[in-house]
Amino acid sequence: MNAPTLPSRYERLDLKALLQGWAKRFTPCDATANRIARRALWTATTDPNLAEASNLDQELFRLLHRFAREEL
């Protein structure tokens with residue numbers, strides 16, 4: 001059985017930087033934004049179903065938004 005992979009448009013994307021950029025829209029505090037981004041990144045990389053999502057951007061943002069609400 002092959003492990004699911006992210007679509008090709010994400011192959012060279014720095015996912016951590018993307019999530020940090022999104023998180024900074026929720027808070028001006030870099031430490032809080034980084035914590036939100038790390039939580040979203042950890043969850044995204046450990047969820048095998050995420051690669052199967054029909055809209056990966058939406059699922060990543062959903063994760064980030066959930067953690068931002070918990071932090072703020």
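Select Glu71 and Arg39: their side chains meet in a salt bridge, 3.5 Å from N to O. A salt bridge here is a side-chain nitrogen of Lys or Arg within 4 Å of a carboxyl oxygen of Asp or Glu. The pair links distant parts of the chain, with Glu71 in helix α3 and Arg39 in helix α2, 32 residues apart. Helices are DSSP runs of H or I with at least four residues, strands are runs of E with at least two, and both are numbered from the N terminus.

The model is predicted: local features need pLDDT of at least 70, side-chain atom pairs count only at pLDDT 80 or more, and totals for chains, interfaces and linings use all residues. Residues are numbered from 1 along each chain as its sequence is written, and side-chain values use heavy atoms, with hydrogens and water left out.

**Stop 1: the rest of the charged network**

Keep Glu71 selected and add Arg35. These two form a salt bridge as well, the closest N and O atoms being 2.9 Å apart. Arg35 lies in helix α2 and Glu71 in helix α3, so this pair ties together parts that are 36 residues apart in sequence.

Now colour by relative accessible area, where buried means under 20%, exposed over 50% and partly exposed in between (1.4 Å probe, protein chains only). Glu71 is partly exposed at 26%. Arg35 counts as partly exposed at 34%, and Arg39 is partly exposed at 28%. Add Glu70 to the selection: salt bridges that share partners join Arg35, Arg39, Glu70 and Glu71 into one network.

**Stop 2: another salt bridge**

How many salt bridges does the structure hold? The structure holds 5. One to select next is Asp30 with Lys24, whose side chains meet at 3.9 Å, N to O. Asp30 has 45% relative accessibility and so counts as partly exposed. For Lys24 the relative accessibility is 45%, so Lys24 counts as partly exposed.

**Stop 3: helix α2**

Select residues 30-46, which make up helix α2. With 17 residues at 1.5 Å a residue, helix α2 should span 24 Å, and its end C-alpha atoms are 24 Å apart, which agrees. The expected span is 1.5 Å times one less than the number of residues.

Which residues of α2 are buried? They are Thr32, Ala33, Ile36, Ala37, Ala40, Thr43 and Ala44. Viewed down the axis of α2, the buried residues fall within an arc of 130°, so they line one face of the helix. The arc is that of the directions from the helix axis to the C-beta atoms. Rotate to the other side of α2 to find Arg38, Trp42 and Thr45 exposed.

Next show α1 (15-23) and α3 (56-71), against which the buried residues of α2 pack. Contact means heavy atoms within 4.5 Å.

**Stop 4: helix α1**

Select Leu15, Leu19, Gln20, Trp22 and Ala23, the buried residues of α1. They cover an arc of only 160° around the axis, which puts them on the same side of α1. What covers these buried residues includes α2 and α3.

**Stop 5: the aromatic rings**

A search of the whole structure finds 2 aromatic pairs. Select Trp22 and Phe61, which form an edge-to-face pair, 5.8 Å centre to centre with 75° between the planes. The pair links distant parts of the chain: Trp22 is in helix α1 and Phe61 in helix α3, 39 residues apart. Rings of Phe, Tyr and Trp (its six-membered ring) pair if their centres lie within 6.5 Å; planes under 30 degrees apart count as stacked, over 60 as edge-to-face and the rest as tilted.

Is Trp22 buried or exposed? At 16% relative accessibility, Trp22 counts as buried, whereas Phe61 counts as partly exposed at 38%. Add Phe26 to the selection: ring pairs link Trp22, Phe26 and Phe61 into a cluster.

**Stop 6: the whole chain**

Clear the selection and show the full chain. It holds 3 helices and 0 strands, and from the N terminus on the elements run α-α-α. Of the 72 residues in the chain, 29% are buried. Among contacts between residues at least 6 apart in sequence, 65% join residues at least 24 apart.

To finish, switch on the surface. The chain exposes about 5200 Å², and carbon and sulfur atoms supply 49% of it. Accessible areas come from the Shrake-Rupley method with a 1.4 Å probe; for residues, only the protein chains shown count as cover.
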